[in-house]
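Visitor: I'd like a close look at a single part of this structure, with its partners worked through one at a time. Could you take me around it?

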Amino acid sequence: MEKENTFDPDLVHEIFKLVWKRKAAERGKNELAENIEDEVGASSSKRIRPTFVEYVPRTMSYPSHVCVSVLMIKANANALKLSSELLRVFVAEAIQRAATIAEAEGSVKIEATHLERILPQLLLDF
Amino acid sequence: MATSLAAMTARRATTFTHFPFSSLTSQAVSIQLDRPVSRASFAIGKCDMLNNCPTMEDLDGGMASDVEREEEEAVTDLLRDRFRLCTISIAEGEAKQCGMEVSQPIITCISDLAFKFAEQLSKDLELFAQHAGRKSVNMEDVILSAHRNDHLAASLRSFCNDLKTKEPNLERKRKKNPRREGRVAPDLLRTPDT
């Protein structure tokens with residue numbers, strides 16, 4: 001194949017954004033819960049914060065003026081290219097190592113057993 | 001199993017070629033934005049418009065969060081399929097170089113592994129960037145994420161230098177890569193013995 005295969009940096013970016021969004025949303029929820037607590041509960045409630053936070057979202061109504069802003073991290077273009085290269089190397093390594101094992105066993109097709117053999121070391125290496 | 005999977009991916013491949021990837025994603029986003037704005041922005045984290053106040057329904061658990069979770073899963077599945085397409089092309093190219101064939105379930109398996117790896121990588125990168133007090137991830141973070149493996153880090157660093165020096169013609173340096181990776185592979189294979 002003449003065209004060089006690699007992961008599309010945009011695709012990688014979207015996967016990253018998805019994970020970051022998920023984390024940002026979580027952070028936002030926690031932050032909101034804390035804000036509420038600061039407003040509603042007086043200083044005495046701060047001592048029992050961990051348990052209190054858990055209950056707030058279900059039992060209390062929120063004052064509408066409480067806002068949370070959550071910053072989501074960005075990624076620069078070269079970092080994304082480098083990440084897609086890292087992922088490409090991961091896949092290439094998996095195939096090449098499995099191919100070595102398959103070759104040693106005299107097989108022309110890479111099967112599950114070959115992947116199983118190389119998997120532990122592959123995961124340790126990345 | 002293998003044939004049906006191949007047929008499935010082939011069908012997907014044809015649908016994908018009709019739309020460029022970006023149009024697919026914009027479709028997905030527009031579907032989600034049909035919902036009330038405050039909730040959509042909170043759930044999908046359109047965090048550029050940050051100052052939306054989540055209303056009570058957003059946070060009271062129950063149905064709303066179920067819907068959100070389902071939609072998030074749909075987006076994840078879409079991304080996973082696109083990721084699999086890329087993996088298939090890489091894996092088959094690589095296998096062709098070795099003169100081997102790869103069975104489809106194996107590629108699927110490797111693709112899922114790589115997807116998990118990507119998710120983990122994104123968490124690492126975010127933490128590294130935050131630790132450095134930056135608001136964006138840069139190349140150093142990516143190299144740092146590979147620091148456990150010297151060969152890998154070195155390979156990434158040289159790729160990084162290539163990116164820096166040859167900014168204008170991006171396509172040429174990608175072409176060089178497979179040969180370099182071919183050199184790295186035997187080194188990595190030897191590590192278990194030591």
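**Helix 3 of chain A and its neighbours**

Guide: Happy to. Let's set the scene with the chain: 37% of the 126 residues of chain A count as buried. Bear in mind that this is a predicted model. Chain A has four helices and two strands, and along the sequence they come in the order α-α-β-α-β-α. If you take the contacts in chain A between residues at least 6 apart in sequence, 62% of them join residues at least 24 apart.

Chain B is the other player here. Its tally is nine helices and two strands, running α-α-α-α-α-β-α-β-α-α-α from the N terminus. Of its 194 residues, 24% are buried. For contacts in chain B with a separation of 6 or more, 38% are between residues 24 or more positions apart.

Now for the part itself. Helix 3 of chain A covers residues 77–104, and we can go through three of its helix partners.

Start with a partner in its own chain. The axes of helix 3 and helix 4 of chain A come within 9 Å and cross at roughly 130 degrees. That angle makes helix 3 of chain A oblique to helix 4 of chain A, and the crossing is right-handed. On the helix 3 side, the contact uses A:Glu93, A:Ala94, A:Arg97, A:Ala98, A:Ile101 and A:Ala102, while helix 4 of chain A brings A:His114, A:Leu115, A:Arg117, A:Ile118 and A:Leu122. Sorted by class, that's seven nonpolar, one polar and three charged residues.

While we're at this pair, have a look at A:Glu103, which also sits in helix 3 of chain A. Is A:Glu103 buried or partly exposed? Burial takes 20 or more other C-beta atoms within 10 Å, and A:Glu103 has 15, so A:Glu103 counts as partly exposed. Its C-alpha atom is 9.7 Å from that of A:His114, and the two residues are 11 apart along the chain.

Next, cross over to chain B. Helix 6 of chain B (residues 104–131) packs against helix 3 of chain A at an angle of about 145 degrees, and the axes are 10 Å apart. This crossing is right-handed. The residues from helix 3 of chain A are A:Ser83, A:Leu87, A:Phe90, A:Val91 and A:Ala94, and they meet B:Ile110, B:Ala114, B:Phe117, B:Ala118 and B:Leu121 of helix 6 of chain B. That contact contains nine nonpolar residues, one polar and no charged. If you've been keeping track, A:Ala94 is listed here and in the contact with helix 4 of chain A.

Two residues of that contact lead us to A:Phe126, in the segment after helix 4 of chain A. Leaving out neighbours within four places in sequence, A:Phe126 is in contact with A:Phe90, B:Phe117 and B:Asn149. The C-alpha atoms of A:Phe126 and A:Phe90 are separated by 7.5 Å, though the residues are 36 apart along the chain. A:Phe126 counts as buried because it has 22 C-beta neighbours inside 10 Å.

The other chain B partner on our list is helix 8 (residues 150–165), which packs with helix 3 of chain A at about 140 degrees, with the axes 10 Å apart. Helix 3 of chain A and helix 8 of chain B are therefore oblique to each other, in a right-handed crossing. Here helix 3 of chain A puts forward A:Asn78, A:Lys81, A:Leu82, A:Glu85, A:Leu86 and A:Val89, which meet B:Leu152, B:Ser155, B:Leu156, B:Phe159, B:Cys160 and B:Leu163 of helix 8 of chain B. The class count is eight nonpolar, two polar and two charged residues.

Finally, let's bring in the core. The largest nonpolar core has 55 residues, and those touching the most other members are A:Val91, A:Ile95, A:Ile110, B:Ala91 and B:Leu156. Chain A supplies two or more residues from each of helix 1 (9–40), helix 3 and helix 4 (112–125), and chain B does so from helix 5 (63–98), helix 6, helix 7 (139–145) and helix 8. Our helix 3 of chain A gives the largest share, 14 residues. A:Val91 is one you've met already, in the contact with helix 6 of chain B, and B:Leu156 turned up in the contact of helix 8 of chain B with helix 3 of chain A. As general background, nonpolar side chains tend to be buried together in soluble globular proteins.

Technical notes
Residues numbered from 1 in each chain as written. Chains lettered and ligands numbered in written order. Predicted model: local features only at pLDDT ≥ 70, side-chain atom pairs only at ≥ 80, totals over all residues. Axes fitted to C-alpha atoms, helices over the stretch in contact; angles between N-to-C directions. Left-handed = near helix turned anticlockwise from the far one by under 90°. Contact = placed C-beta atoms within 7 Å. Nonpolar A, V, L, I, M, F, W, Y, C, P; charged D, E, K, R; others polar. Buried ≥ 20, exposed ≤ 12 C-beta atoms within 10 Å, placed from the backbone. Parallel < 35°, antiparallel > 145°, perpendicular 65-115°, else oblique. Core = buried A, V, L, I, M, F, W, Y, C linked by C-beta atoms within 7 Å.
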